[in-house]
Every structure is written in C-alpha cells, then in structure tokens.
Amino acid sequence: GSVFIEKYITSPRHIEIQILADSHGNYLHFFERECSIQRRHQKVIEEAPSSILTSELRKEMGDAAVKVAKACNYISAGTVEFLVDSNLKYYFLEMNTRLQVEHPVTELISNFDLVELQIKIARGEKLQIKQEDLKINGHAIELRVYAEDPMNNFLPCVGKLNTYKIPKGKGIRVDDGFEEGMDIPIYYDPMISKLITHGKDRQEAIDRMVRAIEDYKISGVETTLPFCKFAIQHEAFVSGNFDTHFVNKYFTPEVLNI
C-alpha cells in the first residue's frame with residue numbers, strides 16, 4: 001500500500017489571487033483577496049487587499065498564480081487559492097475556473113469590471129491592460145448576507161422577506177437578487193445578497209460596513225448580518241490577527257446578546 005502525508009497548517013489564512021487570461025497569451029493578476037473568516041469551511045467575509053501581505057509577497061504570490069494559469073493554458077477569469085501560514089509561507093490549495101462570489105472587492109480596489117473583461121475574453125478580444133497598469137485603490141470588504149441563523153449554528157432559515165431595505169450611500173454596494181415580499185426557498189444556497197463597502201483605507205471600509213449593516217433592514221428570516229457586525233468589530237479582525245478558525249475561537253451565540 002501507499003501512505004500519503006499532507007502538511008497540517010495550524011493557523012492558516014485563506015488568501016486567493018484573481019487572474020485573467022486571454023487567448024492572445026496575456027496573463028494578469030488582480031492582487032489578492034483575504035477569505036479567512038468562514039463557517040463550515042465556506043467564506044462569509046472577504047476583503048482586499050489582505051492585511052498581512054507585503055508588496056514583495058503580493059508580487060510573488062501573484063506571479064505564482066499566473067504560472068499556475070499558464071501551466072494549464074487557462075483562458076478567462078479564474079482564482080488561484082492558497083493557504084498562508086503564520087510565517088507567511090504559502091501553499092497552493094486549488095484553482096477555481098470561474099468568477100468568484102467575492103469578485104466585487106477586487107473590482108473596487110482595481111477599478112476594473114471583471115465581468116466585462118471576462119466577456120471580452122470570451123469574444124476573443126485581447127486584454128488592453130498591462131500588469132504595471134494595475135494599482136491598489138483603497139480597501140474593500142464584502143459580507144455574504146445569508147438567510148442563516150447564527151444563533152443556531154448557522155442553519156438555513158427559510159421564509160418570506162417581510163421587510164427588505166438595502167443600505168445606500170458613498171462607498172456602499174449591494175449585489176442582490178431578492179425584493180421585499182419574496183420567499184427564501186429551501187432548495188438553493190441561502191445567500192440573499194453581497195454587501196460591499198469601499199474606503200480609502202481598511203478602517204474606513206470597516207466603519208462604512210458597520211453603518212451599512214445597521215441600515216440594512218431585513219425581517220421575516222434570520223440572517224448572518226449580526227454575526228458579520230460582531231466579526232468586523234472584533235479586535236482580532238480589526239488588528240488583522242485572525243485565521244480560518246475565527247468562528248471557533250471567538251464566536252458563540254451569546255456574544256450577539258451582549
């Protein structure tokens with residue numbers, strides 16, 4: 001028989017690199033997204049850029065992601081995912097050959113519409129962007145607003161959206177597919193929307209997110225908004241000192257009653 005040994009990373013960060021590749025041999029990376037706050041190994045809060053990457057490590061991981069795409073002659077939008085340990089050593093996890101749920105944070109910090117670029121690539125057009133054209137503009141955070149009950153182990157919560165009022169204002173974006181009066185069915189993923197904020201720096205993005213959560217009015221179903229408000233104000237998140245074990249380390253239903 002055979003024995004397979006895998007390295008266990010005790011305090012991992014989940015960091016992914018957005019890439020785009022056209023049919024003319026052009027490959028670009030659009031920096032990273034931090035996706036470490038998860039429940040059931042699924043992302044709930046994402047941000048860009050990551051608070052732990054240096055410019056040197058960002059370039060190194062971006063170059064590595066591009067090499068992965070080139071190795072399989074990939075064309076279109078894709079995401080190369082890594083685990084990063086406490087010593088900032090990174091390990092390839094997987095590549096998602098699609099546009100990810102969390103792509104809006106990359107759009108906001110890069111000032112490029114990834115959906116538009118993906119369509120142009122599918123048409124056979126050549127990317128008119130060079131890697132040196134891409135710059136990081138401020139900071140963006142995304143919450144996945146799920147119809148789940150954080151007080152009950154994040155179990156899905158189906159029902160009718162009796163109230164549904166989205167927040168508005170500078171630096172706030174909501175991508176959704178529901179309206180007031182609609183039902184959240186049990187047959188599909190219970191995500192209601194994506195709530196995204198953008199600021200000149202990370203603290204401004206956090207502050208705008210707190211206000212946006214407070215202005216987001218949903219009744220009829222339980223949502224992950226109370227958990228997300230707790231998480232983004234937690235000292236571990238604010239300081240940037242967190243990993244994929246955030247929920248197990250810091251969250252219990254009781255904290256939402258304080």
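The points below go through a predicted model, from its overall dimensions to two individual residues.

1. Overall size. The protein has 258 residues, for which a compact globule would have a radius of gyration near 18 Å, and the value of 19 Å found for the protein agrees with this expectation. Taken along the principal axes, the box filled by the C-alpha atoms is roughly 50 × 45 × 40 Å.

2. Secondary structure and chain topology. The protein contains 7 helices and 14 strands. If one considers the contacts between residues at least 6 apart in sequence, 66% of them join residues that are at least 24 apart.

3. Burial and surface. Of the 258 residues, 50% count as buried, while the accessible surface comes to about 13000 Å², with carbon and sulfur atoms contributing 50% of that area.

4. Charge. There are 31 positive and 38 negative side chains in the protein, and the centres of these two sets are 3 Å apart.

5. Nonpolar core. The largest nonpolar core comprises 37 residues, and those with the most contacts inside it are Ile45, Leu143, Ile192, Leu195, Ile218 and Phe227. Both strands and helices supply this core: the elements giving two or more residues to it are the strands β3 (42–48), β6 (139–146) and β13 (191–199), together with the helices α4 (202–215), α5 (225–233), α6 (235–239) and α7 (246–250).

6. Ser11. This residue belongs to the segment before β1 (13–21). Is Ser11 buried or exposed? Neither word fits, because its relative accessible area is 26% and the partly exposed class lies between the buried limit of under 20% and the exposed limit of over 50%. Although Ser11 and His245 are 234 residues apart along the chain, their C-alpha atoms are separated by 7.5 Å. Once neighbours within four places in sequence are left aside, the contacts of Ser11 are with Val84, Asp85, Ser86 and Asp243.

7. Glu107. This residue is part of helix α2, which covers residues 103–110. Glu107 has a relative accessible area of 9%, and it is therefore classed as buried, the cut-off being under 20%. Which residues does Glu107 touch, if those up to four places away in sequence are not counted? They are Phe112, Asp113, Leu114, Val115 and Arg173.

8. The two residues side by side. Ser11, in the segment before β1, is partly exposed, whereas Glu107, in helix α2, is buried. The contact list of Ser11 includes Asp85 and Asp243, and that of Glu107 includes Asp113 and Arg173.

Conventions: Residues numbered from 1 in each chain as written. Predicted model: local features only at pLDDT ≥ 70, side-chain atom pairs only at ≥ 80, totals over all residues. Heavy atoms only, no water. Helix = DSSP H or I, 4+ residues; strand = E, 2+ residues; numbered from the N terminus. Rg over C-alpha atoms; globule rule 2.2 N^0.38 Å. Buried < 20%, exposed > 50% of the residue type's maximum accessible area, 1.4 Å probe, protein only. Contact = heavy atoms within 4.5 Å. Areas by Shrake-Rupley, 256 points an atom, 1.4 Å probe, with all protein chains shown as cover. Lys, Arg positive; Asp, Glu negative; His and termini not counted. Charge placed at Lys NZ, Arg CZ, Asp CG, Glu CD. Core = buried A, V, L, I, M, F, W, Y, C linked by side-chain atoms within 4.5 Å.
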